[in-house]
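Student: Hello! I am new to this structure and would like a close look at a single part of it. Please pick one and walk me through it, with enough of the surroundings to follow along.

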Amino acid sequence: MADLHAAQLDGFALEIETIDDAVEKAIVRHEYPYQNGALLEDMGQKARVVKFRCYFWDDGADHATYDTHTELLKHLDSMDISELVHPKYGPMKGRVESMAVRHDDRDRFAEIDITFVEGLIEDGGDTRHEDVEAGAEEAYNDGIEKQKEEFARDVQDALGPESQSILDRVLDPARGIVEQFGGVTTKARNYLKEVESYVGTMDAAVNTIANPANSLVSTINYGTDLPGRVIGSVSRCVERYALLYDSLKTSPARFVNSMVFGLKGLSNASGKFAKTTTIAAASHTALQTAYLYKADETLRVAQKQREGQRAFDAEGNYTAPATVVGGGNISGGAAATAPETAMTVGELESSLAAVRSGLQEAIDISRQNTSLKQQALQLQTHVNSIKLEREKIIRVLLDNPLPLHLVCLRYGLPYNAAERLLTINAIRNPNCASGEVSVYAS
């Protein structure tokens, strides 16, 4: 056994012998006719490849590392980025490309040849494009101020010069609206009664559902004036409607359509304040759709990663697949049912059309509300980016009935991609797929 050096791989203490280090550069050769040699262009350094052998053994005394090698092999089944602390190069982040194991249980001795590839460029995951959830929350927060400004203009149009003193009044949230305004004209008092009735309707709508304390809506400061009182009540009411349809989030397209339809009924019942309700409903629907898109993309990435995991470890033991959980704050802070399968392109397009139709209706009655336009653009940009990045689907004709797992293998997909294929096909029996089947192009 050669001289050994101390190293670490993801926290596992190793005793290694360096076998080979390779560093290559990407050199492009531009060769020209009737010219000797070539014009060389340096395109940068390729990934550093480090090969080393680590030893594990028990000597019957103080040295007992044999069992560690099985723990290391099980750990390397994951698809996470690893960190190697090399005795010469120091910390290196990358991935283990290959492992060759030789062990002897009788002598309790093992050696593993590991090929480690260093990665200097980190994959940003879904940061390749703008984070739709973060952008939607920022636009929604700005939209609250725009809604308050819009309502203040409506008050000015309704009451004229008298509106200024009403808009400047600081209100006690524990008291009614009308009782806090004394010395106003009959016209103003009647208008304030209508506002108070509208706020009461919003507060009473779907009041069996509690607003979550950790949602975005609850963290926004609406202010203590009349527009803040009104917009705060409307926003909380619309949030309760979203929670009402929470169980439909396992089918995102149905959730969006149901929410748009339900909130349209609320707007129609708002009388002369239908404009305020329409704007709030469109903005909050766009926010909830952004949450769903974020959860959908996180789920899709997790499903693809799970498909790449091996079903059996190095010792032949079955490895249960990790549970895929949808990501994203799909309820704005409240516990909710996450989507179980990633959305198809058709579902993305139908949900986008539904929410953009609501946003367009709100924009038509509030052209100066730029946050609505920003929300529409964010959702459109996200769906366009996802459609470009998602796998292309092709239609194939099966000569004979086949299990869906074999269909995957035939067309270059992991066998456990069958779960995703079920979402884009109407197959009653996955063990006997026949006729035309949609598959992801590998």
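Tutor: Welcome! Let us begin with a word that will come up often: two residues are in contact when they have heavy atoms within 4.5 Å of each other. Take Pro91, for instance, which sits in strand β7 (residues 90-104). Not counting residues up to four places away in sequence, Pro91 touches Glu83, Leu84 and Val85. The C-alpha atoms of Pro91 and Gln8 are 9.0 Å apart in space, with their positions 83 residues apart in sequence. Pro91 counts as exposed because its relative accessibility is 60%, and the cut-off for exposed is over 50%.

The part I have picked for you is helix α6, together with one of its residues, Glu239. Please keep in mind that this is a predicted model.

First, the setting. The chain has 442 residues, and 43% of them are buried. Twelve helices and ten strands are found in the chain. Among contacts with a separation of 6 or more, 69% join residues 24 or more positions apart. Confidence averages a pLDDT of 85, and 89% of the residues score at least 70. The highest confidence is in helix α4, at 95, and the lowest in helix α12 (residues 418-422), where the mean is 81. Some stretches call for care: pLDDT stays under 50 over residues 124-128, which have four contacts beyond four places in sequence in the model. Residues 325-336 are also below 50, although that stretch has 40 contacts in the model beyond near neighbours in sequence. Where pLDDT is low, the predicted coordinates should not be read in detail.

Now to the helix itself. Helix α6 covers residues 226-244, and Glu239 is found in it. At 1.5 Å a residue, the 19 residues of α6 should span 27 Å, and the end C-alpha atoms are 27 Å apart, which agrees. At the N-terminal end of α6, Asp225 acts as a cap: one of its side-chain oxygens lies 3.0 Å from the backbone nitrogen of Gly228. Of the 19 residues in α6, 17 are buried, so the helix is largely enclosed by the rest of the structure.

Next, zoom in on Glu239. This residue counts as buried because its relative accessibility is 4%, and buried means under 20%. Leaving aside neighbours within four places in sequence, Glu239 is in contact with Asn211, Pro212, Ser215, Val217 and His284. One of these partners, Asn211, has a side chain joined to that of Glu239 by a polar contact of 2.7 Å. Ser215 is another: its side chain and the side chain of Glu239 make a polar contact of 2.6 Å. The C-alpha atom of Glu239 also lies 9.6 Å from that of Ala210, which is 29 residues away along the chain.

Let us follow Ser215 for a moment. This serine belongs to the loop between α4 (186-204) and α5 (216-219). Ser215 is buried too, with a relative accessible area of 1%. Besides meeting Glu239, the side chain of Ser215 reaches the backbone oxygen of Pro212 at 3.3 Å.

Val206 lies in the loop between α4 and α5 as well. Phi of Val206 is near 50°, a positive value in a residue other than glycine. With a relative accessible area of 19%, Val206 is buried.

Val206 leads us to Tyr241. Leaving aside neighbours within four places in sequence, Tyr241 is in contact with Ala205, Val206, Gly262, Leu263 and Leu266.

Finally, step out to the nonpolar surroundings. In soluble globular proteins, nonpolar side chains tend to be buried together. Here the largest nonpolar core has 69 residues, and those with the most contacts inside it include Leu226, Val230 and Tyr241. Helix α8 (residues 274-307) gives the most to this core, with ten residues. Apart from it lies another core of 19 residues, with Ala7, Leu9, Ile112 and Ile114 among them.

To gather the picture: α6 is a helix with 17 of its 19 residues buried, and inside it Glu239 is joined by side-chain polar contacts to Asn211 and to Ser215.

Terms used
Residues numbered from 1 in each chain as written. Predicted model: local features only at pLDDT ≥ 70, side-chain atom pairs only at ≥ 80, totals over all residues. Heavy atoms only, no water. Helix = DSSP H or I, 4+ residues; strand = E, 2+ residues; numbered from the N terminus. Buried < 20%, exposed > 50% of the residue type's maximum accessible area, 1.4 Å probe, protein only. Core = buried A, V, L, I, M, F, W, Y, C linked by side-chain atoms within 4.5 Å. Polar contact = N/O pair within 3.5 Å; in protein donor to acceptor, adjacent residues only side chain to side chain. pLDDT = per-residue confidence, 0-100. Expected span 1.5 Å × (residues − 1).
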